[in-house]
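Here are my notebook entries on a structure I went through for contacts, cover and backbone oddities. Have the model open while you read.

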Amino acid sequence: MRRRRAWATNDDGSAALEFITVGVILLVPLVYLVIVLGVIQEQTLGAEAAARHTARVIALASDADSAAVRGDAVLEGITEEYGLDPDGVLASVVCEPAGADCPSSGTTVTVTIGTRVRLPFVPAVFGLDRALSIPVEASAVQKVSRLWGAQ
């Protein structure tokens, strides 16, 4: 018969150590997930706000030149406010019907904003920050008044 040693069967105090170890192993990824979801949500709301407000400003401008200037100003302001990467923001403005000038009376303006969300705490080594980024895109549609440009 094999004799057990006293230290091998004594479990006093090990529950707290196991709880702390397992808690840290599970808590660190959970906290990182919450941080990542917060960053993605912030960037998504920024892209959505940029698309919506830019479309609205273009549709309400008095002429095409002021529409372009105001649209760029709104896009720049929202990019700064939400912390979007100014170099990574891609804006597209399309008017329907396709043959019409953009913007013109009676057209429908569609603004699409695309950007990439870089994950927090990912180093910029070997391009990991770009490879592990998440694409985000938002679109907004605004109808231009039939009386646009008549003022």
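**Aromatic pair**

I searched the whole structure for aromatic pairs and found one. The criterion is that rings of Phe, Tyr and Trp (its six-membered ring) have centres within 6.5 Å, with planes under 30 degrees apart called stacked, over 60 edge-to-face and the rest tilted. The pair is Tyr-32 with Phe-121, and it is tilted, at 6.3 Å centre to centre and 40 degrees between the planes. Tyr-32 sits in helix α2 and Phe-121 in the loop between β2 and α4, so the pair ties together parts that are 89 residues apart in sequence. My helices (H or I, at least four residues) and strands (E, at least two) are DSSP runs, numbered from the N terminus.

A note on provenance: this is a predicted model, where local features need pLDDT of at least 70 and side-chain atom pairs count only at pLDDT 80 or more, while totals for chains, interfaces and linings use all residues. Residues are numbered from 1 along each chain as its sequence is written, and side-chain values use heavy atoms, with hydrogens and water left out.

Next I looked up the cover of both rings. I call a residue buried under 20% relative accessible area, exposed over 50% and partly exposed in between (1.4 Å probe, protein chains only). Tyr-32 is partly exposed at 29%, and Phe-121 is exposed at 69%.

**Backbone oddities**

Which residue other than glycine has a phi near 65 degrees? I found that it is Phe-121, the ring partner from the entry above. Phe-126 is not a glycine either, yet has a positive phi of about 60 degrees. Phe-126 also lies in the loop between β2 and α4, and I list it as exposed because its relative accessibility is 83%.

I then checked omega. The peptide bond from Glu-96 to Pro-97 is cis, with omega near 0 degrees. Pro-97 belongs to the loop between β1 (90-96) and β2 (108-117).

**Nonpolar patch and core**

Phe-121 turned up again on the surface. It forms a nonpolar patch with Leu-27, Leu-30, Val-31, Leu-33, Val-34, Ile-35 and Leu-37, with about 780 Å² of accessible area together. Patch members have over 30% relative accessible area and no salt bridge; nonpolar side chains (Val, Leu, Ile, Met, Phe, Trp, Tyr) are joined within 5 Å, like charges within 9 Å. The areas come from the Shrake-Rupley method with a 1.4 Å probe, and for residues only the protein chains shown count as cover. Leu-27 lies in helix α2 (residues 14-60) and is partly exposed at 48%.

Inside, I looked for a nonpolar core, meaning a set of buried Ala, Val, Leu, Ile, Met, Phe, Trp, Tyr and Cys residues joined through side-chain atoms within 4.5 Å. The largest has 27 residues, and Val-109, Val-111 and Ile-113 have the most contacts inside it. At least two residues of this core come from each of α2, α3, β2 and β3 (134-143). Helix α2 gives the most, with nine residues.

**Salt bridges and a polar contact**

How many salt bridges does a search of the whole structure find? I counted two, using a side-chain nitrogen of Lys or Arg within 4 Å of a carboxyl oxygen of Asp or Glu.

One joins the side chains of Glu-48 and Arg-52 (2.9 Å, N to O). Both residues are in helix α2, four residues apart, about one turn of the helix. Glu-48 is partly exposed at 32%, and Arg-52 is partly exposed at 32%.

The other joins Arg-118 and Asp-129 (3.0 Å, N to O). This pair links distant parts of the chain, with Arg-118 in the loop between β2 and α4, Asp-129 in helix α4, and their positions eleven residues apart in sequence. Is Asp-129 buried or exposed? My lookup says buried, at 11%, whereas Arg-118 is partly exposed at 42%.

I also noted a polar contact (N or O atoms within 3.5 Å; within protein, one must be able to donate a hydrogen and the other to accept it, and residues adjacent in sequence count only if both atoms are side-chain atoms). The side chains of Ser-66 and Asp-63 make one at 2.5 Å. Ser-66 is in helix α3 (residues 64-82) and is buried at 17%.
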